Every structure is written in structure tokens, then in C-alpha cells.
Amino acid sequence: MRMSNLYLPTLKEDPAEADITSHKLMLRAGLMRNHSAGIYSYLPLGYRVIKKIENITRKHMDASGAQEVLLPILQTAQIWKDSKRWDKFGPLMMRLRDRKDREYCLGPTHEEVVTDLIKDEIRSYKDLPLNLYQIQTKVRDEIRPRFGVMRGREFIMKDAYSLDIDYEGLDKSYQAMYDAYEKTFAECGLDAVAVEADTGAMGGKDSHEFMVLADSGEDQVAFCDSCGYAANVERAVANKELLDFEEENEMEKIHTPDIKTIAELEAYLDLPAARMIKAVAMVADEQPVLALLSGEDELNEIKFKNYLEANQLRAAEEEEFAELFNSTAGFIGPVNLADIRIIADQRLEKIRGAVTGANQKDYHFKNVNIERDFQVEEFADLRLVKDGESCLQCTEGKLNIKAGIEVGHIFKLGTKYSENMGANYLDENGRTQPIVMGSYGIGITRLVAAAIEQNNDEYGIIWPKAIAPYQIIILALGNDEAVAEKSEEIYQELEAEGWEVLLDDRKERAGVKFNDSELIGIPLRLTIGSRSLENGEIEAMIRENNQKSKIKIDNLKEKTAELMAEIS
């Protein structure tokens, strides 16, 4: 491709709307343009990267035995109601009605569509196992689209669905997908790690996320420094250390004027946060519920939502405290709190000598003892793990928390969808059995951003060779006709050798060409100028380390192959 013909609107400055590196560089390098919040148009260079990632993904899906299909984006509401997820997916789902007032949604995922597709087609155990996949656009109405394609409202995803006769078969299908994902991310040039994850709205038994570690990642991942345990903090558990300050003093009501936060209480009472009982007022499916934790801990809302088996969970609004909890924001606590469901973190099972809100403005209780002063019938793991805590798996290691970008997620769905939607088969004995399912997703467009987050420098993108939009860029410098002719000749020769080549034949200054080549991140740059041409050589630069060397033109094809082999 000649750059004089390429639609490549690069930008010199970082766009004001971009916060993270990948978003800035995808806009600056002309990979995409914003259409509206969380929705993007992909330009030629960006779409070439997407297609390469799709093809690598397709290669490993096909090798695993999965078969490619194409499923509808527009989905009937009925199949979602049959699966009991129409309400559970909540406001993330884009819903609409057609001219006959029938309900539809734009597919955020395709478990329902696949189950509906096969429920009347698969009859016998002889029809299984089966794995169907697609590369398709998904739509989710994110409340706050941000970070470019990291959290968009429209995105490209590879999703696959395994169908088996039993859980042993599911385990094999799950492992095959796990292995295919590792190969896919490795070939894309990404350093991705698998971690235990929450199943979320998908439901099912087990799941793993594949994370690309990067400072800009929205997810937090806990890694054990000893045994290799790794989990998203939404799922991660740490050793339970019970809190008990062994005090049996009488509970005392104390005046705490305008002291609402744990930090303010620590300073005012000169007591550590561990002695505070933090009461978090939440509303689950529009019912009030109170979560109790140590003042030094934070509520893990995912764990809490899962424990409650709630479709929707949110923090109580300030005006709801009086109506729903008969309390006051900033001073809520479990003592004398009637008719409210209370769930306490397991660390509080024996707590004594604690401080908590008195359900009255400007007052707290001190010397609070569980069982004596308030009752809790439900204890659960409700807290977010913290950096440096002991590992639950081995008890010897410490957990390290790192930021990560989720690029893939695999689930053991089990029979949730098949039972709800009537997808059954006849076993060897002629008995009806539900199909056992798995679901497997890769964020194709998110992979583009993840690759940039892991591979960039102060000048721009550094593409891994396998997903770079082009492998080689030729810069023809100056207005010398001989340079232009030789550049065209080399361009033709390298393309004939099978390389993907970009020729910068624009009538631009050398500085502009150098800057653009570094910004768009093509792995190998070949520069031709009048002086180098007189010497029978050109300059080569490997983008991943900006290392330069001289190549004799007579030995160009062989030396280019050698340099490309060095690039990761």
C-alpha cells in the first residue's frame, strides 16, 4: 500500500477525550474515530489489526474442533425470558420493539441464541459433543463508556459455546478452549495470564479470565507469590483472621459530631480502623440489606450480590436511609436496627470492643460486642482482598494485587440454559438429559487496545509482528527521482517475497515521515535517501528497540528476512 493513497488521518497531539495510552494512540495513529460515546468507526490500519487478530483467533478455534457460525445481533425477548436473564441483565441490555410491538434486544452475548438454535436439532448423545463459535458485534449499554475500546457500547467479540453429554465432557471442552486461548494470546504477542473469576450474569460453576497485566487495567488481580494462585479480586479469597479485642465493657453511646467516615472516627477516638464496624447500606432488588465489615476492609459488591442471589444491587441513596433503614446516613449500625436483613463478613464472628453507628445523627456506640449487643444470623466472605494478605490456598504465600485488562473469559455453564430452555438429548438408555454447556469469549477489539498498552513508548505504538497492520514500512526521503524509483523497486520486490509493505511516497518532510512511522508502529522501517542510495545501502530500524543498522541494497531481501526473524 502506498501511503499517498492510504486513508490515515494521524494527529500530532493527544485528543482531549482520551485518558489512557491505548485510547490516545488509537486516535492519534488513525486506527479509529469516535462516532458517539463508546461507539467507534475503524479506519484501514485499525481494521487490518482487527482482521489479523480475528484470523489468529479463528485459526486456533478451528484447530480445537470448534465450527464457525454467524448468529443474529437482533434477538427476541422471549428466549431471554425463557433463560430467566431478561431482568438479570438489567440496564446493560439495549432493548427495542419492532413495528408490531414485539420485544427484542441487541445481543450482548449469545448463549440464548445458541441454546434456542440447537434445542430442536440435537436429539441424541450421538450428536454430541459440539462446539460452535462466531466472530460478531456485541452491544451493551454501558452506563459510563470510557477508555476507548476497553469499555465500549459496541465491540467485536469471538464467542464459542460447547455442548456435551456430561460434566466430564464439559471439562474436556473447557480445557480445549483454555489451551486454545493461551495459544491465541501468545501468537498475538500478548503476555496474558489466566485467573479465577466470577461467573457474573452468565451463571454456571467455574470460570477463568485471561488478563493482560497493565497499569491502565480496570480489573484488579490477586497473585500469590508462592503457590501460583491467581484470581480476580471479585473472586479472590484470603485467610480469615477473626477480630476480637477481648473487651467486655458496657456498651456506651458517645457523641461524635459530624463524624461520618472511618478515617474521621479513627482520628476522633484514637482507635484503629479494625475496631470499627463498617455498616454499608445497600438495596438488593429494591429490598434493604445491611453489610457489616471491619473498618479496615472494603465491601466486595460482586461477592455480596452473588451471596444474595440478587439481580440488581446498589448503594442506598441518602434519602432512603430514613425510609428503608430507619437510620441516618453516616451513622448507621446494627444495634437496635429492626426488620433489616443483616449479613456480616466472617471476620466479625467474634468481635468485641468495637465501635459502630448508633442510627442517630452525630452518635456512635463504643464497646460493642456481637451477640450481646446485636445479633447476626448470616456470615459470609464479603470483603475485597488486600495487597500483602496471606494466601488461602497455601497459607505461606502473600497476595500481590496488580492491574489487568480482561481479554478473554471462559465459563462452565452446566445445565442452566439447557434446563430453562428445554435443550435436551436422549442418552444411551433412551432417557432425556439436559445438554451440558460452556461459554467462551475473546474481546477482539479490546485485544487491540491491550496490545498497545503492553507495547508502546514515548513515540507511539510498537506492534507485535503477528498483528501489525503492515510488517515493513519504506520511507522515501527527499524529492530525488532516483530515490523514488529505487523505493518503488524495493517495494515491489519485498511484496513479491510475501511481505506486507507500506511505502511512504507522500510529498512530506522527512520529519513528518519519521514521526508517523514511529507513531503507527510498523515493526521494520527501511529508509532510503539520496546519500544512502549513492552508497548502495539503506538504513533499517527495528521498531521494538529502535535499533538501527545499514543494509546493502544488493543483499536487501536476505537481510530483511533476517531482521524480521529477530522481531517478536
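Which residues line the largest cavity? The first legend names them. The model is predicted: local features need pLDDT of at least 70, side-chain atom pairs count only at pLDDT 80 or more, and totals for chains, interfaces and linings use all residues. Residues are numbered from 1 along each chain as its sequence is written, and side-chain values use heavy atoms, with hydrogens and water left out.

**View 1. The largest cavity and its lining.** The structure holds one cavity of 30 Å³ or more. A cavity is a set of points, on a 1 Å grid over the protein atoms alone, where a 1.4 Å probe fits but cannot get out; a pocket is an open set with protein on both sides within 12 Å along at least five of seven lines, and lining residues have an atom within 4 Å of a point. The space in the largest cavity is about 50 Å³, where a volume is the space filled by probe spheres set on the points, and grid points are joined across faces, edges and corners. Its lining consists of Phe147, Met150, Arg151, Ser216, Gly217, Glu218, Asp219, Gly404, Ile405, Glu406 and Arg446. Strand β21 (residues 399-414) provides the largest share, three residues. Helices (H or I, at least four residues) and strands (E, at least two) are DSSP runs, numbered from the N terminus. By class, the lining has three nonpolar, three polar and five charged residues. Ala, Val, Leu, Ile, Met, Phe, Trp, Tyr, Cys and Pro count as nonpolar, Asp, Glu, Lys and Arg as charged, and the others, Gly among them, as polar.

**View 2. The second largest pocket.** This pocket has a volume of about 410 Å³. There are 23 lining residues, and Lys260, Lys278, Ala279, Val280 and Ile332 are those nearest the centre of the pocket. At least two lining residues come from each of α6 (262-269), β14 (277-284) and β18 (354-360). The most come from β14, which gives six. The lining of the second largest pocket divides into 14 nonpolar, five polar and four charged residues.

**View 3. The five-stranded sheet and helix α7.** The strands of this open sheet follow the order β16-β14-β15-β17-β20, with mixed pairing; two strands pair if DSSP finds at least two bridges between them. At the edges are β16 (313-315) and β20 (378-380), each paired on one side only. On average, neighbouring strands of this sheet are turned by 35 degrees against each other, direction ignored. Axes are lines fitted to C-alpha atoms, for helices over the stretch in contact, and angles run from 0 to 180 degrees between N-to-C directions. Strand β15 (residues 287-294) pairs with strand β17 (residues 341-345) in the parallel sense over four bridges, and valine 289 stands opposite arginine 341 in β17. Helix α7 (residues 301-308) lies across β14, β15, β16, β17 and β20, at about 130 degrees to β17. Aspartate 285 is in the loop between β14 and β15. The phi of aspartate 285 is near 50 degrees, a positive value in a residue other than glycine.

**View 4. The three-stranded sheet and its hairpin.** The order in this open sheet is β4-β6-β5, and the pairing is antiparallel. Its edge strands, β4 (74-76) and β5 (94-97), each pair on one side only. Strand β6 (residues 103-106) pairs with β5 over four bridges and with β4 over three bridges. Opposite residues in β6 are glutamate 103 for arginine 97, tyrosine 104 for leucine 96 and leucine 106 for leucine 74. β5 and β6 form a hairpin with five residues between them, and aspartate 101 in the turn has a positive phi of about 65 degrees.

**View 5. The crossing of helices α1 and α10.** The axes of α1 (residues 21-28) and α10 (residues 444-454) come within 8 Å and cross at roughly 105 degrees. That makes α1 roughly perpendicular to α10; angles of 65 to 115 degrees count as roughly perpendicular, under 35 as roughly parallel, over 145 as roughly antiparallel and the rest as oblique. Thr21, Ser22, Leu25 and Met26 in α1 meet Val448, Ala449, Ile452 and Glu453 in α10, where contact means heavy atoms within 4.5 Å. This contact has five nonpolar, two polar and one charged residues.

**View 6. A cis peptide bond before proline 129.** The bond from leucine 128 to proline 129 is cis, with omega near 5 degrees. Proline 129 lies in the loop between α4 (111-118) and β7 (130-139). Most peptide bonds are trans.
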